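Work through the exercises below with the sequence and the structure at hand, and try each task before reading its solution.

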Amino acid sequence: MADPSTSPPLTRASVIEAHKLIKTYIHHTPVLTNASLTELASRPREAASLVGTPWEGRRPARPGKLNLWFKCENFQRVGAFKVRGAFHAIERLKRETGWLTGGGAQMGVVTHSSGNHAQALSLAARSNGIPAYIVMPTISAPSKIAATKGYGASVIFSGSTSVEREAVAAKVIEETGARLVPPYDHPDIVLGQGTVGLELQDDVEALMAGEAADRATGSSSPPTKKKGLDAILAPCGGGGLLSGVALSCEGTEIRVFGTEPSFQGADDAKRGYESGTRVESVSTLTIADGLRTPVGTVPWGIIYERKLVSGFYSVTETEIKDALRLVLERFKIVIEPSAAVPLAVALYNEEFRGMVEREGGGEGWDVGIVFSGGNVSLDALGKLFAGES
């Protein structure tokens, strides 16, 4: 990565500049709506469905009209938002004094990842004619190894622990001079990921304006332009996406909330946010495998220390699966389990839904839902729902 001290300040203005740098490399993914999911989110849950939950015995929340706007990064290049941060990291490296003239592009970049970041950095490097070295655990899914190699990267295998992966990456750096590009814990990565939030805000405003104009057709009164989103729900693993989205909303009235699985302590960011101390390690086998990582120090500074994230909500494995099934069956698009977590919060978390009821005054909210990616194999989906009727 470029030296963090040379990175732009972590502000909304810097996210806008990051978007200018990478927009020719990425897809401007669509913002979609779904009447069925919006209706389900707006309807109070049955009291029986709260039995066995922390809200058993409570009156189900009545959030009013909960309009859901889905930012579909499952349609992004490599199938996930990660390309935004990877391309921004490369663009910033190219602008670092002495990197190009000193042969940095020939020495390449390196990272350790078995997921979307591996493929994202491989694509960003190939697009710029730069070698990429990706350290992947030997237990990585064959499809992910093949995809990473397909983007032109050199794959080096390691053990599965972070210590083993980092040791192999350090050896690659020593042998090649390649520059390390971490998956989330760097300002340039955060700023790149934040471009998701910019596009979501702008597109929802445009869609709302179009709807208002359609309603006003034939009326003597000018169309009323709605204010845009009230809130954005984004998944949180290492925190790069969430903190970037939070930066993109800085200075607006849009509130940003993190969403996590609760299984085996995967809600580390929520626990850290509520206790005031960042949780530094996580060991969980949640089905939302992209969210098994503890929050990094750079994202934490934005999320907690600057309080640009308004809070966190978590959901169970069953709720994640139920939300994923609804997307597959009613939206007819494919997302990975991690991407279903924000929708699960909107549908099933009574704390979030109760807050919307209180603060929306019965009128509801317009909520952006970030579908972070769609990299899940058919075999994995089959196993996830095996045995269910």
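## Exercise 1: The surroundings of Y25

Leaving out residues up to four places away in sequence, Y25 touches R77, F87, E91, K94 and N128. The model in which these contacts are found is a predicted one.

Task: Find where Y25 lies, and state how far apart Y25 and N128 are in sequence and in space.

Solution. Begin with the place of Y25 in the chain, which is the loop between α1 (12-22) and β1 (31-32). Next take N128, one of the residues that Y25 touches, and note that 103 residues separate the two in sequence, while their C-alpha atoms are 10 Å apart in space. Finally look at E91, whose side chain makes a polar contact with the side chain of Y25 at 3.3 Å.

## Exercise 2: Helix α2 and what covers it

Task: Determine which residues of helix α2 are buried, what covers them, and how α2 packs with α13.

Solution. Helix α2 spans residues 35-42, and its buried residues are L37, T38, L40, A41 and S42. The cover over the buried residues of α2 includes β2 (66-72), α13 (317-331), α14 (337-348) and α15 (350-360).

Now take T38 in helix α2 as a single case: its relative accessible area is 8%, so T38 is buried. Apart from neighbours within four places in sequence, T38 is in contact with K65, L66, N67 and L68.

At the start of α2, the backbone nitrogen of S36 has a side-chain oxygen of N34 within 3.1 Å.

For the packing, two values are needed, because two packed helices are described by the angle between their axes and the distance between the axes. The axes of α2 and α13 are 9 Å apart, and the helices pack at an angle of about 140°, which makes α2 oblique to α13. On the α2 side S36, L37 and L40 take part, and they meet L326, R330 and F331 in α13. Sorted by class, the residues of this contact of α2 with α13 are four nonpolar, one polar and one charged.

## Exercise 3: Helices α5 and α6

Task: Work out whether α5 is roughly parallel or oblique to α6, and which residues of α5 and α6 meet.

Solution. The axes of helix α5 (residues 116-127) and helix α6 (residues 142-150) come within 8 Å and cross at roughly 10°. Since angles under 35 degrees count as roughly parallel, α5 is roughly parallel to α6. From α5, A118, Q119, S122 and R126 meet K144, A147, T148 and G150 of α6. The contact of α5 with α6 has two nonpolar, four polar and two charged residues.

## Exercise 4: Cysteines and a buried serine

Task: State how many disulfides the structure holds, explain why C249 has no bond to C236, and say whether S243 is buried or exposed.

Solution. The structure holds zero disulfides. C236 is in no disulfide, and the nearest cysteine sulfur, that of C249, is 15 Å away. Looking from the other side, the sulfur of C249 has its closest cysteine sulfur in C236, and the 15 Å between them is too far for a bond. C236 is buried, with a relative accessible area of 0%, and C249 is buried too, with a value of 4%.

Turn then to S243, which lies in helix α10 (residues 240-248). With a relative accessible area of 0%, S243 is buried. Its contacts, leaving aside neighbours within four places in sequence, are with V190, P299, I302 and I303.

Methods. Residues numbered from 1 in each chain as written. Predicted model: local features only at pLDDT ≥ 70, side-chain atom pairs only at ≥ 80, totals over all residues. Heavy atoms only, no water. Axes fitted to C-alpha atoms, helices over the stretch in contact; angles between N-to-C directions. Helix = DSSP H or I, 4+ residues; strand = E, 2+ residues; numbered from the N terminus. Parallel < 35°, antiparallel > 145°, perpendicular 65-115°, else oblique. Contact = heavy atoms within 4.5 Å. Nonpolar A, V, L, I, M, F, W, Y, C, P; charged D, E, K, R; others polar. Disulfide = S-S within 2.5 Å. Buried < 20%, exposed > 50% of the residue type's maximum accessible area, 1.4 Å probe, protein only. Polar contact = N/O pair within 3.5 Å; in protein donor to acceptor, adjacent residues only side chain to side chain.
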